[in-house]
Amino acid sequence: MAARRTRGMTGGSDLSRATVARATAIAELLRYECSILLELYRKKESFTADVTVTESRLVSVPPPSSQLETRDKLWCLHSALLQCRSFLERAITKEEEQLGGGKKGDYETQRKMVKERLSLLLINTGELLKTAGGVMILTPSSEGLELDGPTILFELKLWVYRIFEEVDYWTKTAITTLQALPSVIAKERARTTRVRSTRSARR
Amino acid sequence: MVLVKGIMMIPWLLLVSLFCKSTQDGNGQESGVLHCGAQNLKLTNSSQMILLTWEDTPSCSAVQDVLIYELEVLIADKKEHYDEVAVTPDQIGSSHSWNWTSYLALECASHSVRLRSRYKNHTSQWNQETLPGLETSKAEVYPKDKHFQVGSTATFCCVLPAGDVFDKMSLTEYSSADMNTTRISNQTYALTVHLNQASKYSCTDVKCELNPDVGACAYIGYPPNVTDLQCETRDLQSVDCHWTDKDSSLPFKSVTEYHLLESPTICAKWPETRCSQEVRVDARERNWTLTASNPLGEVKLSDTADLTKRVHMFPPEGVTVLSVNARNVSLEWKWTVQQYYNLSLICQVNINNHGENTISEYFGVGLNFAVLNDLIPNWTYNVAIRCRTAQHFWKWSSWSTNVNFHTKGDVPDALDVWMQVMDNQIITIWKMPLANQSHGHIEDYEVTWTKTTERERQNRTKVAPNNFSLALSLDTTVGHIVTVTARNINGSSAPSTITIPSSNPDGTRVNTSLIIGSNGSFNLSWSASPTASCGYIVDWCPTLGNCTVGWLKVSPNQTNASILSKNFKDGLRYTLSVYACTQEAPVLLQRREGYVREKKIQDGLFKSVKGQQQDWDYEVSWEPISRREQTAFIQGYVLYCLDNNNNKVINFSTDNPEATSLTARNLKNGSYIFTVKARTAVGECGATSITATLNLLTDNLIGTVFISLAAVFGLLSLITIVCYRHWTCIKDTVYPPIPKPVLTSTGEHGCRNFQVDQCHYSEADIMDVPELYCRAGTPINGFVSQENMPFVFSQTPKGYYNQPLKKFTPPPLTLPSTAIPSQPGLPSSPFRREFPNASYNLIMQPGNQQSNFCPELQEGTSLERSSDGYQPHGHPETFATNQTEEDPDSPMSCVSTYILLPQSSSR
């Protein structure tokens, strides 16, 4: 199920610092908005702050590793965020179907804002991934995701909460990954330059 | 013998065996009944309800009476419920069923049902069926996603897998006081809650707090609560019903659904409260039924109505203005429902004229047009239409959409003309035509005038559209007729004519009376006048200053008017005149002066305030107050006097509004602040003050004293001069020469031969005398000047003499010869030696009183004054002689005698 395809390009050669900075700023804003969304949801569902849900992750991607190249890191991140958006969209639909919709309160506004911000972040990470030479193929595919969610209402509520936490988790991961990119880019550039100069010297 | 015995035993054995058989036969039937019981037990469930079905065993067919089945319900092996089912003989053989709803979800614990039969005190063995509880590998809460009614009690359970430890259960938004947790089995716990509040958002969470949390959702709400169903028809093809539904709600996905006329189709969902359904509308009453249902219940409500009497029309559509004229317009509209064209209708047209609404009604079958009359030319209107059936009024339709139109222009309305005669000028004035009077832009005004005596000779002039008066210098001794018309693009208005009366100095005058306004207006009334054929005219303008006249025309049958003008100012005096409108010139009927609202007069009203002291009074005067200064009617004046010494205020007032002075009376010396104020209906006002000091008493007193002293001095001087000039004459006349006494001997005592017994002085008395003279008096001039007349001494050396001396010879006086040292520097005379202290004003009484001459000290009289001359006394004072007896140590004592003081000449 996990399918990954790369074009074998060295990542980061053309990564724009501005794009990275913009993506980081968006991720930071999304993180802030996620925290508000979680708070509003806890308040709406009378969940305490220490409400415990299962610790397993909904999003399935290889964990980011320092051993990975930049484009692979970006691919992992982008893939995770794509899954997050799918889950979020499904959660919103299920919530409106099963738990009542139509109301336009603070919670619903915040939920919509998080969804739109996540989409914006995805555009930026996608741009970075494209620049890094990665391929934007979701893995696992949307068909493979368990998007149906539980049918029992209480479990559905917990599931929605898990999705919000998942978005929050991957947003934090995105910030960490994006903040680490400039130094990686610099190192890789330096390495690329060395390799090229070595090759030209050999010639 | 044995055989015989055996043969004899046989019948007995037969009898016994027969008995036994008969007994066995009877016992066999009974034992068959006792074997009657249940078979084929089947225990099922639906939600929390358990359903048990069973059949009778074949042996039950013998039962001929009511068979009882006893049932017991055990939850987690604990007896929870007991019930009985009675089976009549005719039911025996058929299948039986019984159900019971558990308070607990069946997943929570095993539910067992035991069953046995009972017949005539005989019971069968128990048969038992069990529904096992849930055996789970993970914790669960039951029931899940169930509906509960607010006010009910619900039990939830938390089933734990083996090894898990229970902590607590809770229900969101419920306090622990409303909940009770019990242990059902080792791994099952129940939470019983009284549900007193509906779920707020989606559903209420029931949590079993573990790691991770497990829980269930509960829908808590209300069953349908529908009231006030009312059905009608709008299109005569369907029924349209509406209702109210309070609290009929359950959270999302469980809302109340409404069905009309028992139709399975959902007509509406809460919170909608209206729906319609196609029906055949005919003229008969029938029930219109609404069914409201949600998971908690169902309610049916009916409304009985003949829909042909309940037609609630849709509003007219497509309202258009067909023809627009100056004063009328025709409107047309369409009906979206064709049946409306067959109905007898009433329509209302709301004509909105710049915010003012007028409603006109129109009737007709299938009415779809209306003609609006009496419109204002050149005017914009906004109209809307609504209709209803003429018969069986039910409801008006809503208003149609608004339609605007603008009427065509027309000639201006006739002007409202009035006149004002000032000196030799006749001012014709007219009111500016309002927009709804001009019917178009006014281009100019035309004024024509003629003398009443020469009507054929007309003068004519045009006036610019922004002028609304024309001053004509005409001979005011002759009446004039003035006509004014306004002209716009559509033509000239009808002429407005006014007759200017000739000024007649001998004409009847009308007295002016006062009037006070109320609420910013003047309420004027007058007596009806027979001459007022065309009504009355009331005009007004400020009494003083520039007069911009305003006027009001009222009908002949009206004899009062409320005059309200935006130009009215508080505190400004107006003159109001009432004229009778006649076929000739207007006739003045009444004139009033007043304030629309009196205003306090500003301080400093009084000019040239002066004060004048008049003895103890002080008059404050001022100039007459002009009416221009008056912002209220003056009813009088008040004068306040503030005494600066003690801050005491006294006031004096007058009710005469014409007064120009006020007098403060009976004042005292001191400084005063005099404040004069005008008294008006709005209080005292216009204060003006002056300060004055009153010192009349001191000046007059000093003056009087000085004048008196001067007069006395002058008189004394005159007397002195006269006396000096005529001293000889006076002396001869008043003081004739007295022959010198002949002394018989001379020695230490010059008056030895005197009759000393006439004065009985004791020695002690004589010796006491010097004590009285503790201070030597000044020598008496008289004694000195009368040195040669030792028996005469005068207290008035300036020529005044005691009268008795004139007539009587001085009596012989014997004086005790006391050793009183003579005063140094004085002439040595026997007399002087004996009366060294001349401060005593001793009076020698002549005649027969000679025996009682004693010196006496005049009380309260200074020695100096006594020595200077005679002091007249109005009342000769006497001292009682017995004083001596009471006080023998008195410095001077006269025994049985008095000392007489000179009598006043006035006496």
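Which residues does B:Glu317 touch, leaving aside those up to four places away in sequence? This is a predicted model, and we'll start with that residue before moving on to a sheet and a helix.

## Around B:Glu317

Not counting residues up to four places away in sequence, B:Glu317 touches B:Trp333, B:Lys334 and B:Thr336. B:Glu317 itself sits in strand β24 of chain B, which covers residues 317-324.

Is the residue cut off from solvent? Not quite: with a relative accessibility of 40%, B:Glu317 counts as partly exposed, since that class runs between the 20% and 50% cut-offs. There's also a long-range neighbour to look at: B:Thr401 is 84 residues away along the chain, yet the C-alpha atoms of B:Glu317 and B:Thr401 are separated by 7.7 Å.

## A four-stranded sheet in chain B

Chain B has an open sheet of 4 strands, ordered β20-β19-β22-β23, with antiparallel pairing. The edges belong to β20 (268-269) and β23 (297-306) of chain B; each has a single partner strand, so one side of each is left without a neighbour in the sheet.

Zoom in on the pair β19 and β22 of chain B: strand β19 (residues 257-260) and strand β22 (residues 285-294) run antiparallel and are joined by 4 bridges. For B:Leu260, the bridge partner in β22(B) is B:Leu290.

## Helix α2 in chain A

Over in chain A, helix α2 takes up residues 70-98, 29 residues in total. From first C-alpha to last, α2(A) reaches 41 Å, close to the 42 Å expected at 1.5 Å a residue.

As for its surroundings, 23 of the 29 residues of α2(A) are buried, so the helix is largely enclosed by the rest of the structure.

Conventions. Residues numbered from 1 in each chain as written. Chains lettered and ligands numbered in written order. Predicted model: local features only at pLDDT ≥ 70, side-chain atom pairs only at ≥ 80, totals over all residues. Heavy atoms only, no water. Pairing = 2+ DSSP bridges. Helix = DSSP H or I, 4+ residues; strand = E, 2+ residues; numbered from the N terminus. Expected span 1.5 Å × (residues − 1). Buried < 20%, exposed > 50% of the residue type's maximum accessible area, 1.4 Å probe, protein only. Contact = heavy atoms within 4.5 Å.
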